[in-house]
Every structure is written in C-alpha cells, then in structure tokens.
Amino acid sequence: MQTDPHQPQSAQSPVRLTPNDAGATPLKDGIGLCLSGGGYRAMLFHVGTIIRLNEAAYLGKLDRISSVSGGSITAGVLGLHWKNLGVTANAPANISIVVDEIRKLASHTIDIGSVLEGVFGPSHVSTKIEEAYDRMLFHGATLQDLPDDPPRFVINATSVQSTVLWRFSKPFMADYRVGMVRHPGIPLAGAVAASSAFPPVLSPSELDLNKYGCVFEPDSGEDLQTEPYISKAVLTDGGVYDNMGLETVWKDYATVLVSDAGGHVEAEDSPHRDWARHAYRILDVVDNQVRSLRKRQVIDAFKLGERKGAYWGTRTDILDYPLQTALPCPFTKTMDLARIPTRLKAIEDTQQEQLINWGYAVCDAAMRAHVDSTLAPPVDFPYPGSGVG
C-alpha cells in the first residue's frame, strides 16, 4: 500500500498535529511500531510481535517504537537491553534475555499487593508498581539508558493536569502545553509505571520533577509552563489519551505497524448501578469506542494509500489475511486469549507461551500479507508444544 510522504495529513487522520509539531510533515520514509496497552496480556502478545519482527530482520529497520501501558513494559525491557542485543537491519539478533525478563515478570502478580500497600501504607499505589518494575526489570536504569536513535523509544503517559499526551524518551520528555525537558534523568521504571497506571486502581502516578533535576526549556510550552505544572507531573495510563500508542508514530512516519492487544467491552444485559462499578463500566465503554475509532481510521488510511503498514490484534481472525501458509490459529482459541483480563496478575507458563505464539503468528500474517510478501513463512510457533490453546 503506497503513500505520498509529502502529502499533508487527511482530515480523517486518527491523530491531529499539535501546535508544536512543526516539521512533522512531510512524513519521514521510515518505520514506526506501536505497542498498545492491555496489562500482562499485551506485554506477552507484544513479545510475540518482537520475536517475529526480529526473526524477519525488521526489528533493526524500526525508526521508532511507541508504547502505552502494558506495551510500555515490553518496550522498556527491549530498550534497556537494546545496546547489547546486536540488532541490525540485516539479520536476527539474540533477544532471549528480553523474552526471559518479561516472562519472569509475568509469573508474578504485582497489582493486588501494590493496591493494598498503597491504600493502607504510606506510599501511593503507583509508587509500589514502580518499585516492583525497578526491582524485577530495570534495576535503577533511567531514560538515559535507552539507546541512541534509531530506534527512538517513546513511552507515553497521559497528563491528568493538562489532559494531553506526556512523552518520555531519551532525547526529551514533553507535554506540548507544559514544555520540553532535554535529556531527562527520570527512572525507566517511573516512566513505565506512569504509562501503565490504568485507572482507577493504579492511577495516578506522580513525578516530583525537581527531584530529578528537570528543567523545562523556556517558552517550549504552549500555555502551561508555570507552577505547579513544571514541578510535579500527575499522570495516568497512556492509553487514556492514545490507547494504541499511535500518535507519536503517525505524525512522523510513512510506514506504521500497529500491534494491538487492547481489551474489548463485552455486552452486559444488566450492568451494575452502584456508582463505583458503573463508573468503571463507563470508563471501559469510552476506551472501547476510542480504540474502535482509531482502529477504523488506521485501516482506512492503509486502504486509501495514506500510509503503508499493517494492523494486527488479539481479536484479529488470522483467516482474514489472504495467506495459505499462516500458522494454525483457530479464532475461538485466540479469542479466549484476547479475553484474559487487563491486569498485572500472574499468568501461568502455558498461557504465557500461547499469548507469545499468538502475537508471533498474527504479526507474521499481517507482515507477509501487507508489508513484505518476500518474507519466508515461519516453520512453527516459538513454543510449538503450546500452540494458541
């Protein structure tokens, strides 16, 4: 699917340029990968995506990796180890350490204990989540431990204060209304915790910007470069603003790959009426509608030739891709995987392997059907004995 990278964005674009996005058009002739949210379900599904892209030597072709929520856990671990993986645009690298680290986390429940400690202890819930991420994955690393471009890793959160996207990356941290901080020393665990602070139980995540020596460039914010915005950031899940991690790729790159492991709201014939559960249900309905709208607009842009690329998700039917050599993934089985709750709750080994296998298989089908028909089909799943259920 071809596109003219010099054309301005269509009015139907799923993202709009913000006032400080000068230079975002014309589009760059590069590839961006978007990793959605969805708790451990998404984290593991995206591992399968990463394995297949690496195997196809596409991991080294990426210019940007943009993530939200559960996708940011996968992106954060990949980014931390990137320098030592030997990733190139010509051949697969050994990424086993990334897979092993993420699977280790997926074997531990960290949300329930963090909520209880946050409610009854002296710390916020998000602080306990950050501590768990740092203890198990990041070990004191900061955003400055991410690799130099390319690819640029962008971990996205949502500002509860300014209501817009808050971007964490190695070169800068920014909220277009508050401004930009160059070379931020924010802990990587803190950025991932903010990105995955899904409401209401894990939100908000608060960052004391003065603690990390964050100084905003003068006049880099549109209208909120004042106290208290420049001293404390109150953040929530990146998926609240952009539930597929799409924005920071769509504005810049002609080729967009979207790995979507987000949830879906099932019909309820008798929804709860009490304020707490009703409010939670409404949040899910809003998220579901925004995700559906962005998905439709992304796919329409591919069909219209406004972008090259592909979309795949946990709820995709692999038979929708015109391939005779896709791996066997019965829709009823993959839908069972798609219904795993959006939690930071331990997932047993076999189901971990099935989620990774599913991400691998559907990424493969999407890439060969819509991006690169010369790719050889895979021999088998990463975990052949587990299939997809």
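A residue is taken here as buried when its relative accessible area is under 20%, and by this criterion both Trp82 and Phe153 are buried in the structure, which is a predicted model. These two residues form one of the 2 aromatic pairs that the structure holds. The ring centres of Trp82 and Phe153 lie 5.8 Å apart with the planes at 75°, and the pair is therefore edge-to-face. Because Trp82 belongs to the loop between α2 (70-81) and α3 (96-106), whereas Phe153 belongs to strand β3 (residues 152-159), the pair ties together parts that are 71 residues apart in sequence. In the pair of Trp166 and Phe168, the centres are 6.4 Å apart and the planes stand at 50°, so this pair is tilted. Trp166 is buried, with a relative accessible area of 1%, and Phe168 is likewise buried, with a value of 0%.

Phe168 also appears, together with Tyr133 and Trp312, among the residues with the most contacts inside the largest nonpolar core, which has 92 residues. Helix α10 (residues 349-370) supplies the largest share of this core, namely 10 residues. When neighbours within four places in sequence are left aside, the contacts of Trp312 include Leu33, Phe45 and Thr49, the run Leu257, Val258, Ser259 and Asp260, and also Tyr321, Val362, Cys363, Ala366 and Met367. A second core, separate from the largest one, comprises 12 residues, among them Met244, Leu246, Tyr253 and Val298.

Two arginine residues were found with their charge placed over an aromatic ring. Arg103 lies over the face of Tyr383, at 5.1 Å from the ring centre, while the charged end of Arg307 sits over the ring of Trp250, 4.4 Å from its centre.

Tyr133 is one of the buried residues of helix α5, which also include Val125, Ser126, Lys128, Ile129, Ala132, Met136, Leu137 and Phe138. The 14 residues of α5 (residues 125-138) should span 20 Å at 1.5 Å a residue, and the end C-alpha atoms are 18 Å apart, which agrees. Just after α5, His139 adopts a positive phi of about 50°. Within the helix, Lys128 forms a salt bridge with Glu131, the closest N and O atoms being 3.0 Å apart. Because Lys128 and Glu131 are 3 residues apart in helix α5, about one helical turn separates them. Lys128 is buried, with a relative accessible area of 18%, whereas Glu131 counts as partly exposed at 35% relative accessibility.

In total, the structure holds 18 salt bridges. Helix α1 (residues 39-55) contains Arg52 and Glu55, which are 3 residues apart and thus separated by about one helical turn, and which form a salt bridge whose closest N and O atoms are 2.7 Å apart. Arg52 is buried, with a relative accessible area of 4%, while Glu55, at 38% relative accessibility, counts as partly exposed. Arg52 and Glu55 are further linked with Asp364 and Arg368 in a network of salt bridges.

The side chains of Glu247 and Arg294 also meet in a salt bridge, with an N to O distance of 3.9 Å. This pair links distant parts of the chain, since Glu247 is in helix α7 (residues 247-250) and Arg294 is in helix α8 (residues 275-304), 47 residues apart. Both Glu247 and Arg294 are buried.

Technical notes:
Residues are numbered from 1 along each chain as its sequence is written. This is a predicted model: local features need pLDDT of at least 70, side-chain atom pairs count only at pLDDT 80 or more; totals for chains, interfaces and linings use all residues. Side-chain values use heavy atoms; hydrogens and water are left out. A nonpolar core is a set of buried Ala, Val, Leu, Ile, Met, Phe, Trp, Tyr and Cys residues joined through side-chain atoms within 4.5 Å. Buried means under 20% relative accessible area, exposed over 50%, partly exposed in between (1.4 Å probe, protein chains only). Helices (H or I, at least four residues) and strands (E, at least two) are DSSP runs, numbered from the N terminus. Contact means heavy atoms within 4.5 Å. Rings of Phe, Tyr and Trp (its six-membered ring) pair if their centres lie within 6.5 Å; planes under 30 degrees apart count as stacked, over 60 as edge-to-face and the rest as tilted. A charge sits over a ring if NZ of Lys or CZ of Arg is within 6 Å of the ring centre and within 35 degrees of the ring normal. The expected span of a helix is 1.5 Å times one less than its number of residues. A salt bridge is a side-chain nitrogen of Lys or Arg within 4 Å of a carboxyl oxygen of Asp or Glu.
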